[in-house]
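Q: I'm new to reading protein models, and I'd love a close look at one part of this one. Could you walk me through the salt bridges and the part of the chain where they sit?

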Amino acid sequence: MPEYANLQCEKRPEAPLNNPSARRIPYAMAYVRPQEWEMPLRAQEALARGTAFLSLVKPFEVKGVAR
């Protein structure tokens, strides 16, 4: 049997000694909305906008001000 067969991939590191409740907090949770299919942008426009889909073009805002 290979050495890696008994590895535990989901073992979490120990919580810091000064925060014992950290063991109960999940690392992160994400929600990804389903995306409807749409025709991709032309290559040059997609590269300029940073995405191939027009619906994903969103303004970058810092404290409510678009940049």
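A: Happy to! This is a predicted model, so let's start with confidence: within the chain, the mean pLDDT is highest in helix H1, at 94, and lowest in strand S2 (residues 65–66), at 72. Averaged over the chain, pLDDT comes to 76, and 58% of the residues score at least 70. Where pLDDT is low, the predicted coordinates should not be read in detail.

Now for the salt bridges. The structure holds two of them, and together they link Arg42, Glu45 and Arg49 in a network.

Take Arg49 and Glu45 to begin with. Their side chains meet in a salt bridge, with 3.0 Å from N to O. Both residues belong to helix H1, which covers residues 43–49, and they are four residues apart, about one turn of the helix.

Next comes the partnership between Arg42 and Glu45. Here the side chains also form a salt bridge, with an N to O distance of 4.0 Å. Glu45 therefore appears in the salt bridge with Arg42 and in the one with Arg49, within the network of Arg42, Glu45 and Arg49.

How open are these three residues to their surroundings? Arg42 has a relative accessibility of 66%, so it counts as exposed, because exposed means over 50%. Glu45, at 27%, counts as partly exposed, and Arg49 is partly exposed too, with a relative accessible area of 42%. Those two values fall in between the cut-offs of 20% for buried and 50% for exposed.

Notes: Residues numbered from 1 in each chain as written. Predicted model: local features only at pLDDT ≥ 70, side-chain atom pairs only at ≥ 80, totals over all residues. Heavy atoms only, no water. Buried < 20%, exposed > 50% of the residue type's maximum accessible area, 1.4 Å probe, protein only. Helix = DSSP H or I, 4+ residues; strand = E, 2+ residues; numbered from the N terminus. pLDDT = per-residue confidence, 0-100.
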